[in-house]
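Q: Could you take me through a close look at a single part of this structure, and how the pieces around it fit together? I'd be glad of the cut-offs behind each term as you go.

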Amino acid sequence: MRKFNLVDEKWIPVRFLDGSRDELGISETLLRSSEIAVIEDPSPLVVAALHRFLLAVLYRALEGPTDIEQAKALFKAGLPGGRIKAYLEKWSGNGRFWLFDDKYPFGQVPSVPEIEAEPWTKLTAEHNATTSKVLFDHTDTKSLKPISLAAAAKWVVATLNFSVRGGRGYRPSPSADGIICIPIGKDLQQTLLCSLVPYPNRTMIVSDLPIWEREPSSYSEFKSGQERIAAGFADLYTWQARAMRLLQTSDGQVDRVAFIPGFGHVESELRDPMVPYMARRDTGIEQVGFEERGVWASFDSLLPDAGSIEGLEPKVINYLGILSRSRLVGAALPLTVIGQKFTNASVEFWRMERFTLPINISENRYLKSEIHELLSLANDAGDSLEWSLRELAKSMITKGDRELLPDKWVAGKLKSGDVTKFVKSTGVLPQYWTLLESHFQTVLSSYALSHSSESIRCDWLKSVHNALHTAWSHYSSSLSTGDAWAMRAVVKASKPTRVKLAELKEEIEKYS
C-alpha cells in the first residue's frame, strides 16, 4: 500500500528569503527554489544529503548539463519547471517516490525481512544505535519514541550518503568521510546550479541511474556482498550503502528499520564533484576528510593547483571559476563544508563550517600555493608549540622517578603514552588553532577584496605570532607560580617556542 509521496508531502525543511520556514515536497522545493534561501536542518549531514538528493533529481530531470555551454544557459534561464514537473510526475506515478510501497519503497529494499530490525536510530550518525554509541547522546534504544514519516524520509536520504564502515560486511557510502563542499548562492536555485557540474561526457546520462530508477536487488543479492563502480553523479549521490526497510507503528510512525549491508563502492576514475582529493605515495589518490582542527587547516586542498593537471580540487570549485569568468556569480561566494569523521563503526564527530570563497581563484593561479604556504607557517609554529609541551611533559610528569610510557598500537588503535596524554590534557594546542581560525577567515576575505599577497602574508605572520605567544604564555604562566622544579621545567621547555617567535618577528619586520 502506497503512503507518503515525497514529491508532494512536506518533509524538506527550508527557510525562505523573507525569513519564514516550512517543509516542502520535492516538487515545491525545486519549483520554488528561487524563493528559498537555504535548506535548514539541525543535522548538517541531513542538509548535505538533501542537496545531493535534489542534484540527483535535477541531473535526471534535465538530462544534463552535458557541457559548459549548456550549464551556462541553465544558469541564465533558471531551472525549467516544466521538465522537472514532468519527470517527477512520471516517477511518482510509477511508485518510485513513495516512502511506503509494496514494490518500490523509496530508498529501501522490500525483501529485507523483519528479523533484521534495528531501532530507527540505526539510520543516524547523531544518535545511539544498538552497536555504536555517540558521545553526549542520551537516546535509550530500548525505549525509543517513534519518528514521523517526514523525519524518516530525511534520515533515509542521509543514510544513502553518510553510512560508515562497520563489521559484518557494512561498507561506507562513497563519500562518507569526505569534505562535502556546497557553494551557497543568493537563493536555493543558484545554490543548486552552482553544484550542477556538467557531465564529463554525454554517454554517462544513459547509465547514470539514481536509486529510485533502479530495480530493487533481492535480499540474497545484498547478503552476498556485491560491489560495483558508480555510473555517474546521480548514482553517486544516492548510493545504496545500506539495504533497509522502514517498519511502521500502528499509528503510522516509524520505530524500527530492517537493516543489512548494501552495495560496496569500487573506486574508479569518476570522482565525487563535491569533494577534494589528494595524492598519496602509498595509497594513490584519495578523498580529503575532516580533521580535528577543521577544514580551514587544509583549505588549500579545496583550491585549483596551477601546476597540476590532476584536478584534485572539488569540481564544484573549479566550475565556480568558469561561472565567475562568465560574470554569472560575484567575486565572492559563501561556501558551506559538511562532513563527519569516523573510525570503523564509531563516528568521532560531524561538522558544518562556513567560509567566504574568493571566486577570483580562476584569475589568481597561485592562490593555492600562497594559502598552502600560509598554512605551513601555522603548522610549523604549531609543531614548535607541541615540541615545547612535550619537553615540559618529560620534566613535569615524574620528575625522573620512573620511565615514561610511550605511545603504542593496541588492537589497531594508537594508545597515547604519558607525554601525549600530558600534551592533550593542557588544551594548549586546541587553543592555538582556535585563535588562528578566525584570522584565516580574514585571509579569505582579503583575497576576495583583492588585497596584495604581501599584505595578507604580513597580517597572517602577525596572527601566527600572536596566537603562538598567547597559547604558550597563558599556560606557562600558570605553572610559573608553582615550585622551583616547575619553573625550571618551563624555562627549559620554552626554547622551541622562543626560537619560533623570534623567527616570526624577524619575518614580520621585513614588511616594515
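A: Arginine 498 is found in helix 16 (residues 495-509), where helices (H or I, at least four residues) and strands (E, at least two) are DSSP runs numbered from the N terminus. With a relative accessible area of 47%, arginine 498 is partly exposed; buried means under 20%, exposed over 50%, and partly exposed in between, with a 1.4 Å probe and protein chains only. This is a predicted model, in which local features need pLDDT of at least 70 and side-chain atom pairs count only at pLDDT 80 or more, while totals for chains, interfaces and linings use all residues. Residues are numbered from 1 along each chain as its sequence is written, and side-chain values use heavy atoms, with hydrogens and water left out.

From arginine 498 we can jump to tyrosine 87: their C-alpha atoms are separated by 65 Å, and the two residues are 411 apart along the chain. Tyr87 belongs to the helix 4 side of a contact with helix 2, so let's look there. Helix 2 (residues 44-62) and helix 4 (residues 81-93) pack at about 100 degrees, their axes 9 Å apart. Axes are lines fitted to C-alpha atoms, for helices over the stretch in contact, and angles run from 0 to 180 degrees between N-to-C directions. That makes the two helices roughly perpendicular, the label for 65 to 115 degrees (under 35 is roughly parallel, over 145 roughly antiparallel, the rest oblique). Helix 2 brings Val57, Leu58, Arg60, Ala61 and Leu62 to the contact, and helix 4 brings Arg83, Ile84, Tyr87 and Leu88, where contact means heavy atoms within 4.5 Å.

Now for helix 3 (residues 68-77), whose buried residues are Ala71, Lys72, Leu74 and Phe75. Seen down the axis of helix 3, these fall within an arc of 160 degrees, so they line one face; the arc is that of the directions from the helix axis to the C-beta atoms. They pack against helix 2, helix 6 (188-195) and helix 10 (315-325). Glu69, Lys76 and Ala77, on the other side of helix 3, are exposed. Just after helix 3, glycine 78 takes a positive phi of about 90 degrees.

Finally, serine 43 sits in the loop between strand 4 (36-39) and helix 2. Its relative accessibility is 5%, so serine 43 counts as buried. Setting aside neighbours within four places in sequence, serine 43 is in contact with Glu126 and Trp155.
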